Amino acid sequence: MAGQGTPATALLTRRKIAHSAHPYDVSPDAPNYGALVAAALGVPPARVFKSLVTEVDGRLTVAVVPVTGELDLKALAAAAGGKRAAMADRTVAERATGYVRGGISPLGQRKRLPTVVDASALEHPTVYVSAGRRGLQLQLAPADLVALTGAVTAPIAAR
């Protein structure tokens, strides 16, 4: 995996967490990007999760939801113990995480942010999340994702 290292992969390796890296080639500007990534990986879209940086009552928070759905901001606010949630500014999100949009990983962020993982992740033996750069996904057990991020799980995807 030479040349594919990111802070997220380094964290998993350092902690000896079972994982695998999966490169893919999908234009970040493609409509329905998440579904195309799932198709490129050959996995059901419900197992591929996106990391969205939000603000809950002014505090940056990461929401991890299936690529096939949208984030329910009210559900996120409740799960994070707040009243209001909104998407964070792109520049703020990139600065806080150390990753660029389209490659923000919930793992290995510059500053560890509170994280909420959609409860549907626990329905799968493994899930896929960004490895910290566009074109690379990590496959790992959802319990490991939750443990490494210190996340809470809640139904935060709009159904």
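This is a dialogue on how to read pockets, helices, strands and loops in a predicted model.

Colleague: Where do I start with empty space, and what volume does the largest pocket have?

Modeller: Rolling a probe the size of a water molecule over the atoms shows where empty space is left. In this predicted model, the largest pocket comes to about 760 Å³. Its lining has 29 residues, and those closest to the centre are Lys50, Ser51, Leu52, Arg101 and Gly102.

Colleague: Which helices and strands each supply at least two residues of that lining?

Modeller: They are α2 (33-41), β2 (49-56), β4 (70-71) and α4 (90-97). The largest share is that of β2, with 5 residues.

Colleague: How do the lining residues divide into nonpolar, polar and charged?

Modeller: There are 15 nonpolar, 7 polar and 7 charged residues in the lining of the largest pocket.

Colleague: Let us turn to helices. Which residues of α2 are buried?

Modeller: An α-helix has 3.6 residues a turn, so residues three or four places apart point the same way. In α2 the buried residues are Gly34, Val37, Ala38 and Leu41. They lie on the same side of α2, because they cover an arc of only 100 degrees around the axis.

Colleague: What covers the buried residues of α2?

Modeller: The cover includes β1 (19-23), β7 (127-133) and β8 (136-140). After α2 comes Gly42, which has a positive phi, near 75 degrees.

Colleague: Which residues are buried in helix α5?

Modeller: In α5 (residues 142-149) they are Pro142, Leu145, Val146, Leu148 and Thr149. Among the elements that cover them are α1 (7-14), β3 (59-66), β6 and β9 (152-154). β7 and β8 also belong to that cover. The residue that follows α5 is Gly150, and its phi is positive, near 65 degrees.

Colleague: Now strands. Which way do the residues of β6 point?

Modeller: In a regular strand the side chains alternate between the two faces of the sheet. In β6 (115-118), Thr115 and Val117 point one way, while Val116 and Asp118 point the other way. All of these residues are buried.

Colleague: In which sense, parallel or antiparallel, does β6 pair with β3?

Modeller: The pairing of β3 and β6 is parallel, over 3 bridges. Val62 has Thr115 in β6 as its bridge partner. β6 also pairs with β9, again in the parallel sense, over 3 bridges. There, Val117 has Thr153 in β9 as its bridge partner.

Colleague: How many residues of β7 are buried?

Modeller: The number is 6 of the 7, so β7 is largely enclosed by the rest of the structure. β7 and β8 run antiparallel and are joined by 5 bridges. One pair to look at is Val129 with its bridge partner Leu138 in β8. The two strands form a hairpin with 2 residues between them. In the turn, Gly135 has a positive phi of about 90 degrees.

Colleague: That leaves the loops. Where is Ser105 found, and is Ser105 buried or exposed?

Modeller: Ser105 is in the loop between α4 and β6. Its relative accessible area is 0%, so Ser105 is buried. Leaving aside neighbours within four places in sequence, Ser105 is in contact with Ala8, Ser51, Tyr99, Ser130, Ala131 and Gly132.

Colleague: Why does Ala88 count as buried?

Modeller: Buried means under 20% relative accessible area. Ala88 counts as buried because its relative accessibility is 15%. Ala88 sits in the loop between β5 (85-87) and α4. With neighbours within four places in sequence set aside, its contacts are Val53, Thr54, Glu55 and Leu60. Ala88 and Ala8 are 80 residues apart along the chain, and their C-alpha atoms are separated by 21 Å.

Colleague: What phi does Lys16 have, and where is Lys16 found?

Modeller: Lys16 is not a glycine, yet its phi is positive, about 55 degrees. Lys16 is in the loop between α1 and β1. At 75% relative accessibility, Lys16 counts as exposed.

Colleague: What phi does Asn32 have?

Modeller: Asn32 has a positive phi of about 60 degrees, although Asn32 is not a glycine. Asn32 lies in the loop between β1 and α2. With a relative accessible area of 59%, Asn32 is exposed.

Definitions and conventions
Residues numbered from 1 in each chain as written. Predicted model: local features only at pLDDT ≥ 70, side-chain atom pairs only at ≥ 80, totals over all residues. Heavy atoms only, no water. 1 Å grid on protein atoms, 1.4 Å probe; cavity = no way out; pocket = protein on both sides within 12 Å on 5 of 7 lines; lining within 4 Å. Points joined across faces, edges and corners; volume = space filled by probe spheres on them. Helix = DSSP H or I, 4+ residues; strand = E, 2+ residues; numbered from the N terminus. Nonpolar A, V, L, I, M, F, W, Y, C, P; charged D, E, K, R; others polar. Buried < 20%, exposed > 50% of the residue type's maximum accessible area, 1.4 Å probe, protein only. Arc of directions from axis to C-beta. Contact = heavy atoms within 4.5 Å. Pairing = 2+ DSSP bridges.
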